[in-house]
Amino acid sequence: MSELISWLRNYANENINSRLIDERRCIPPHIVLDFGNQGLLGMQVPLEYGGLGLNNGETMNVMEQLGAIDTTLSLFVGLNNVLGIRPLLNFGSPSLREELLPRLATGRELAAFALTEPSAGSNPQAIASSAIPQSPEQWIINGTKIWSGSAAWAGIINVFVQEKDSQGNFQGISGFTVKRGTPGLKQGPEALTMGMRGMVQNTVYFNDVAVDASQKLGNTGEGMKVAQYAMMYGRLTIAAASVGGMKRCAQLWHRYSSRRQISTGRLLENPLVLARLNGLTAAITTIETLVTSITTWLDQGQEVPVEAYAVCKMAAPEFYWEAADNLVQFLGGRGYIESNMAPQILRDARILRIFEGPTETLTAFLGSRVIYQPESFKTFLCDTLSMPEIYERFEQTVQQIQDYRQSPFTEETKTKNWTAILCGEVAMWGVLLAVLEAKAMSSTSESLNRAIAWTKEHFQQKITQVFAQTPDELVISSANKTTELISDYENAIGNLEQTLAGEDREVDEFLRLGDWETGRLGDWETGRLGDWETRRNIENWLMNWLGEKLNLSPQNIDPKQAFADYGIDSVMAVELAQDLQEWLGYTQQLEASLAWNFPTIKSLAQYLSTIESEDEIVEEKFAVNDSKIALNGQSQGTSSTENPEIISDISNYSEDEIQTAINQEMAELESLLKRGYPS
Ligand SMILES: Cc1cc2nc3c(=O)[nH]c(=O)nc-3n(C[C@H](O)[C@H](O)[C@H](O)COP(=O)(O)OP(=O)(O)OC[C@H]3O[C@@H](n4cnc5c(N)ncnc54)[C@H](O)[C@@H]3O)c2cc1C
C-alpha cells in the first residue's frame, strides 16, 4: 500500500502538470493509462477481476494523497471507483460484472453516473427519464441527463430512470448500466465548468435506448437505493480528498507566511494568521478522525449510519473551501495569480459544496432525520460512539428549538424547513465532537485535544446562535416582497444582458454532412436547401416567440435545444402551431405535432423553409405522423382533415366525448414532447 502512495508522489512530481490539465481542460491520456495500469481506477475491485482489492482504509489513504496532488484528479478517480464501479460491483448481474469489471478495473474503459436532469438536481426524486418495457426482459430508455462526469469518455454509464409498466404506470426509480455504442445513446455538449476543468461533464441523451435485464442494477424500484449506496460512499471519498486538499493548502500557506515580511514582521508570527492557520489544522484533524473512524467501522464490517456520511459531505467541503479561500487571501496578490496554484485549488474546491448533495440539502436532510427519525442518530451517538452526554445535550437543544424558539415564518412548512436547517447545523457539530471524543477514549494526542477544543467551541457557539435571532432573520420577508425589492434594483442598474456575439464554433453549412437533426437528408440531396434568409427569419421568429413565452431574452434561446427541454407542453405546442400559421399567412391549420416532428427551432425552421407551397405542408404533415387519435379515442391511420366524415361526425358526439378525445390527443402529444431529442 505504501508503495502505491510513494508511486503516486513520485509520479505527481515527474508526470503531472495540474495547470496544464486545467488550461487545456483535459486530463492527458498518459495519466489515465498510467493510473489504469497502477490499478487506481479499480481500487476496490476484487483481484480476480484485475482490481487492487483494497479495503476502505487503504482506499481513503489514496484519495487523501490524490486530493493533495490535484483535486480534479481525485474526483476523476473517485467517480470511476465509486459512482461508476460500485453500483456494478454490488448490484450488477453476474454476467455484467464478468464482462465489464476487468476492463473498468484496469482503466481500459471508464465509467460514469447519470442521475441529474435539468429538472432534477438536489431533488433526484423528480427525475423524468423513463424506462418502458418492450418485453418482460427488455426496456426502452428515453430522457436527458446533464453534467455527467466522464460520460463522453466512458465505456459505460449508470443511468437512473422512472421505470414504468406497459400501461405507463410508475413502478419506481430503477438503475441500468448502458454501454457505449448502444443505438440511441448520444453524448451531448460539454459544460464549461468553473473548476474540475480537466474532466469532461456533459449532457447525455437517451433516445429509445434498449437495455435488457442483465443491465439492471438491483431490482425494479431499487434505483435510488443503488444511487444512494454509491453516493453515500462518494461523500466519504470527498471528505478524504478534502483532507489531502486542506493539508496542501496548509503547506502552501505556511510556506509563504514563513518567508514573507509584512508591517508587523514575519507573516507567520501575525496573530490573525496563527489563529486562522491553527483553525485549519484543527479542521484537518477533525475530518481526518471522522474519515478514519468510518473506514475502521466499515473494515470491521460495522454498519455506518447515513448521518455519518452526511456529516462528511457537509463539513469537509465547507472546511476545504474556507482553507482555499484563506490560502488565496493570505498569499495576497500572489494568491490571485494563476501560476501560483491557489486559484486552481479554489476553483476545484468550490464544486465539492454543490455536487453529490449540496451542503444546504444535506443540512436539511440531517435536521429532518434527527427530528423525525432520531433512533439511528441516537444509536450512533450513544452506542457506536458511547457519547450519551453529547446526544442528551443535542436532544435538549432540538426540543427547545421546537418548544420555545420563535420562527421568523408564519407558514408551517417554512417553519419546519427552517427548524430542520437549524437542527441539522447543530447535529453536524455534535457528530464531529462525538467522533473526536470517542477517538480520545482509545488514544490521545496534542492535535486531537486541540481539535476537540475547537469543535466543542463550535458546537456550543452553534447552539447559542440558534437561540439568538440571526441578523438575516431580522430582515426576512416573503418571496413576493423579496421579488419586489430586487425588481427595484432595475431602476438603479438596469437589466443588463450582453448580447455581443462570441466566437463562431459552427462548421460552415457548405461543409456539413447534412441535416442530421431532422434526418431529412432528402432536402440536401435534391439541393432543396431552403432559402437561407427565410430560414433565418423563421428561426428568429421562433426564438422571439419562445423567448416571449418563457420570459427569456431571445438571445438566450438555443435554436438547437429541444422544445421539450424548454418545457413546451401540449398546450404551448398548440399555441405555437396557431401563432406560426398566422405569421406565415397560411390558411390551412398547422398541426401541433410539428414541435414533436421537428423538435428544435433549427429543424423546424429548416423544414418550413424548404416548403414551397402551403399544399405541400398539408400533404407532408400527415406523412410524418404514424398514428392519429380519432374522436372515439382509437388510433387510426388517417386524420380528420383527410377524412371529412370524421368532421361531420362531430355532431354525433357529446361534449364529454369530444373533451375526452382532445384530452387523449393532448396526453399523447405531451408524452411525445417529453421524449428526449439531441440538440
Ligand atoms: C461539475 C459538476 C459535475 C457533476 N457531476 C455529476 C455526475 O457525474 N452525475 C450526476 O448525476 N450529476 C452530476 N452533477 C450534478 C450535481 O450533483 C447537481 O448539480 C447537484 O445535485 C445540485 O443540483 P442542482 O444543480 O440542480 O441544484 P438545485 O436543485 O437547483 O439546488 C440549488 C441550490 O438550492 C439549495 N437547496 C437545495 N435543497 C435545499 C434545501 N432542502 N434547503 C435549503 N436549500 C436547498 C442548495 O444551495 C442548492 O445548491 C454535477 C454537477 C456539476 C456542476
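These are my notebook entries on the ligand site, the aromatic pairs and one annotated region of this predicted model.

**Entry 1: the shell around the ligand**

I began with the residues that surround the ligand and found 20 of them. L115, T116, S122, W147 and E360 are the closest. I then sorted the shell by residue type: 10 are nonpolar, 8 are polar and 2 are charged.

Which elements supply at least two residues each to this shell? I noted strand β1 (111-114), strand β3 (138-149) and helix α11 (359-372).

Next I looked up the domains. The ligand lies between domain 2 (117-225) and domain 3 (358-472), because both give residues to the shell around it.

**Entry 2: polar contacts of the ligand**

I went through the N and O atoms here. T116 places a polar side-chain atom 2.6 Å from a nitrogen atom of the ligand. For F113 the partner is a backbone N or O atom, 2.9 Å from a ligand nitrogen. At G149 I found a polar backbone atom 2.9 Å from an oxygen atom of the ligand. I also checked how much of the ligand is covered: taken alone it exposes 980 Å², and the protein buries 67% of that.

**Entry 3: aromatic pairs**

My count of aromatic pairs came to 17. I looked at W7 and Y11: their ring centres are 4.6 Å apart and their planes meet at 20 degrees, so I logged the pair as stacked. Both sit in helix α1 (residues 2-15), and because they are 4 residues apart, about one helical turn separates them.

**Entry 4: an annotated region**

Last, I checked the UniProt record, an unreviewed entry, which lists residues 479-506 as "coiled-coil region". How much of residues 479-506 is helix in the model? I read 50% helix and 0% strand, with the end C-alpha atoms 41 Å apart.

Notes: Residues are numbered from 1 along each chain as its sequence is written. This is a predicted model: local features need pLDDT of at least 70, side-chain atom pairs count only at pLDDT 80 or more; totals for chains, interfaces and linings use all residues. Side-chain values use heavy atoms; hydrogens and water are left out. UniProt positions are given in the numbering used here, feature names are shortened, and annotations may be inferred rather than shown by experiment. A residue is near a molecule or strand if one of its heavy atoms lies within 4 Å of it. A polar contact is a pair of N or O atoms within 3.5 Å; within protein, one must be able to donate a hydrogen and the other to accept it, and residues adjacent in sequence count only if both atoms are side-chain atoms. Accessible areas come from the Shrake-Rupley method with a 1.4 Å probe; for residues, only the protein chains shown count as cover. Ala, Val, Leu, Ile, Met, Phe, Trp, Tyr, Cys and Pro count as nonpolar, Asp, Glu, Lys and Arg as charged, and the others, Gly among them, as polar. Domain bounds come from an automatic or database domain assignment. Rings of Phe, Tyr and Trp (its six-membered ring) pair if their centres lie within 6.5 Å; planes under 30 degrees apart count as stacked, over 60 as edge-to-face and the rest as tilted.
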